[in-house]
Amino acid sequence: MTLKAVLTVQPTTPFAGQRPGTSGLRKKVTVFAQSGYLENFVQALFDVLPAVQASPQGQTLVLGGDGRFYNRVAVQTILRMAAANGVARVLVGQDGLLSTPAASAVIRKRGALGGIILSASHNPGGPDGDFGIKYNIANGGPAPEKVTEAIFARTQTLSTYKIMSGTPDVDLSRLGESWLGEMVVQVIDPVDDHAELMQQLFDFDAMRAWFQAGHRMRYDAMGAVGGPYARRVLEDLLGAPVGTVVNGEPLEDFGGHHPDPNPVHAAELMAAMSGAAAPDFGAASDGDADRNMILGRDFAVTPSDSLAILAANATLVPGYRAGLAGVARSMPTSQAADVVAKALGIAAFETPTGWKFFGNLLDAGQATLCGEESYGTSSNHVREKDGLWAVLFWLNLQAVTGKSVEDLVRAHWARFGRHVYSRHDWEGVAVAKADQLMAALRAKLPSLAGQTLAPGLTVRLADDFAYTDPIDGSVSTGQGVRLLFESGARLVFRLSGTGTEGATLRVYLERFEPDPARHDVPVQDALADLITLADVLADIRHLTGLPSPTVVT
Ligand code: VG1
Ligand code: CO
């Protein structure tokens with residue numbers, strides 16, 4: 001007996017708070033699991049997608065997620081809703097898995113209308129953890145604010161959603177095509193397209209030789225979706241020994257890890273990279289494999305430095321042999337990349353936090369490399385940050401220069417000076433207190449310019465960062481309070497747009513150190529005056545009720 005899918009129009013009522021943040025809609029699993037919560041958001045998305053409305057037939061969507069708890073349920077729901085909303089074909093990663101960069105690559109390569117990515121990225125997972133959903137447009141990148149705002153507006157007015165019922169779950173374990181009502185569900189290998197792209201960009205022979213010469217690497221996929229991608233490229237294609245990739249199996253609870261690759265949450269990798277017997281190269285990626293952490297033996301690379309170093313050495317890598325059009329960084333990211341862009345005579349761009357702001361610059365061919373201080377780096381090969389891409393870039397540089405990670409960084413500092421940098425996160429702050437802190441800071445801004453707030457710290461400019469997109473002219477305001485000092489030092493304050501519990505205050509601290517003799521001063525010591533000033537200016541410890549930041553990177 002064949003079961004026929006029945007189109008059901010289900011009455012529903014709006015949920016408050018379905019406005020996407022820095023990167024999609026993120027909430028606790030318990031919030032997403034409420035009846036109609038995911039469905040409402042997905043229906044709002046279909047309602048505002050002009051191409052689906054105009055011509056449902058012939059439109060292809062990409063679907064996949066980081067495999068966290070609730071991924072399996074959500075994928076089936078979205079497939080039923082896509083069919084009910086007239087989508088012609090959905091390309092879904094096997095077992096419902098796709099890393100964020102892979103989804104971007106698939107959308108671009110297959111000419112899809114867009115894609116739905118299920119991930120809360122670096123947020124913790126499991127039944128008590130977080131879930132997330134975001135929409136990417138035809139260029140493969142996160143939907144711009146005008147789209148996410150339209151989706152949000154629609155969530156506040158809709159009264160029904162459409163879904164197919166009456167059929168069992170689609171089998172996503174086998175590659176190939178099946179039907180759900182009138183829609184084709186095509187299960188694809190989640191790794192193929194991305195692995196192919198990596199081979200077009202990097203010198204695989206040189207990297208293979210690096211492993212053959214006995215160099216060792218440890219890639220920690222943190223129990224998240226990055227494992228299969230890293231294994232394919234490092235172990236299968238480059239001949240790294242099996243076991244180079246650790247925590248390589250995507251698990252619903254990330255094996256208990258918090259898949260946020262920074263020195264705090266990747267402590268296991270940090271320990272493995274310490275001591276004379278440690279591997280030459282260490283790396284990690286986050287929940288959806290778009291972030292990267294780069295380590296040498298007893299040496300960690302600051303993400304802001306990573307962007308600058310990749311830019312400075314780009315022509316050593318096949319995919320960037322012809323040079324870069326420009327480099328873009330988010331505002332809180334250190335100015336190290338700007339200095340390189342100036343030396344190379346190429347454009348430097350400063351955007352608000354979040355990858356969606358890089359899309360237009362990449363599409364217009366104005367920027368080639370982009371990066372954020374939050375362990376995100378990528379290029380115009382996709383429209384997302386790409387963890388494995390960054391790792392392969394560093395591997396390619398080591399292989400062709402014969403230098404270690406630490407040597408590459410030190411040589412860079414010696415040439416360009418060091419942008420000493422740190423981010424202090426104050427997590428779990430009461431929302432009202434965090435808002436009060438930011439409001440008080442904003443109120444102070446007009447009086448700060450010209451003031452000397454501490455020895456050597458005279459304010460050149462104090463504002464709330466606003467950005468006008470040079471391509472489409474769209475304006476984004478309120479993107480973070482920044483104090484720029486005459487010395488080149490900076491202090492930036494903003495609230496996280498990805499958290500799901502209370503508020504997180506992020507304080508970004510930066511100072512330029514041209515003198516190589518002082519490049520080894522411990523970072524927190526070198527920034528001590530800025531750290532003290534931040535607390536005095538914003539009354540952080542008092543308002544947050546916390547004695548010290550919860551995460552320092
Ligand atoms: C954080 C980072 C930001 C990054 C975003 C998404 O946002 O600061 O740079 O783009 O996460 O990364 P926020 O608003 O919490 O500061 V991912 O890998 O979690 O999608
Ligand atoms: Co991520």
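For the classes used here, Ala, Val, Leu, Ile, Met, Phe, Trp, Tyr, Cys and Pro count as nonpolar, Asp, Glu, Lys and Arg as charged, and the others, Gly among them, as polar. The model described below is predicted.

**Ligand 1 and its surroundings**

By these classes, the shell around ligand 1 holds no nonpolar residues, 10 polar residues and 10 charged residues. In total 20 residues surround ligand 1, and the closest are Thr22, Ser121, His122, Ser374 and Thr498. The ligand sits in the largest cavity. Three side chains that place an N or O atom at a short listed distance from a ligand oxygen are set out in the table.

| Residue | Partner | Distance |
|---|---|---|
| Asp290, side-chain N or O atom | oxygen atom of ligand 1 | 3.0 Å |
| Lys385, polar side-chain atom | oxygen atom of ligand 1 | 2.7 Å |
| Ser496, polar side-chain atom | oxygen atom of ligand 1 | 2.6 Å |

**Strand β9 and its neighbours**

Strand β9 covers residues 183–188, and six of its six residues are buried, so the strand is largely enclosed by the rest of the structure. In a regular strand the side chains alternate between the two faces of the sheet. In β9, Met183, Val185 and Val187 point one way, while Val184, Gln186 and Ile188 point the other way; all are buried.

Two pairings of β9 can be described. With strand β4 (residues 89–97), β9 pairs in the parallel sense over five bridges, and Val90 stands opposite Val185 of β9. With strand β8 (residues 176–180), the pairing is antiparallel, again over five bridges. Here Trp179 has Val184 of β9 as its bridge partner. Strands β8 and β9 form a hairpin with two residues between them, and Gly181 in the turn has a positive phi of about 60 degrees.

**Strands β20, β21 and β24**

A second hairpin is formed by β20 and β21, also with two residues between the strands; its turn contains Gly456, whose phi is positive at about 80 degrees. Strand β20 (residues 452–454) and strand β21 (residues 457–464) run antiparallel and are joined by two bridges. Within this pairing, Ala454 stands opposite Leu457 in β21. Strand β21 is also joined to strand β24 (residues 481–485) by five bridges, and these two strands run antiparallel. Ala462 stands opposite Leu483 in β24.

**Positive phi outside glycine**

Most residues other than glycine have a negative phi, and most peptide bonds are trans. Tyr70 has a positive phi, near 90 degrees, and is not a glycine. Tyr70 lies in the loop between β3 (60–65) and α4 (71–84). The cut-off for buried is under 20% relative accessible area; Tyr70, with a relative accessible area of 15%, is therefore buried.

Phe254 is another residue of this kind, with a positive phi of about 55 degrees although it is not a glycine. Its place is in the loop between β11 (245–246) and α10 (267–272). Phe254 has 0% relative accessibility and so counts as buried.

**Thr100**

Thr100 belongs to helix α5 (residues 100–110). At 0% relative accessibility, Thr100 counts as buried. Its C-alpha atom is separated by 39 Å from that of Glu486, a residue 386 residues apart from Thr100 along the chain.

Definitions and conventions: Residues are numbered from 1 along each chain as its sequence is written. Chains are lettered from A and ligands numbered from 1 in the order in which they are written. This is a predicted model: local features need pLDDT of at least 70, side-chain atom pairs count only at pLDDT 80 or more; totals for chains, interfaces and linings use all residues. Side-chain values use heavy atoms; hydrogens and water are left out. Buried means under 20% relative accessible area, exposed over 50%, partly exposed in between (1.4 Å probe, protein chains only). Helices (H or I, at least four residues) and strands (E, at least two) are DSSP runs, numbered from the N terminus. Two strands pair if DSSP finds at least two bridges between them. A residue is near a molecule or strand if one of its heavy atoms lies within 4 Å of it. A polar contact is a pair of N or O atoms within 3.5 Å; within protein, one must be able to donate a hydrogen and the other to accept it, and residues adjacent in sequence count only if both atoms are side-chain atoms. On a 1 Å grid over the protein atoms alone, a cavity is a set of points where a 1.4 Å probe fits but cannot get out, and a pocket is an open set with protein on both sides within 12 Å along at least five of seven lines; lining residues have an atom within 4 Å of a point. A molecule sits in a cavity or pocket if more than half of its atoms lie within 2 Å of its grid points.
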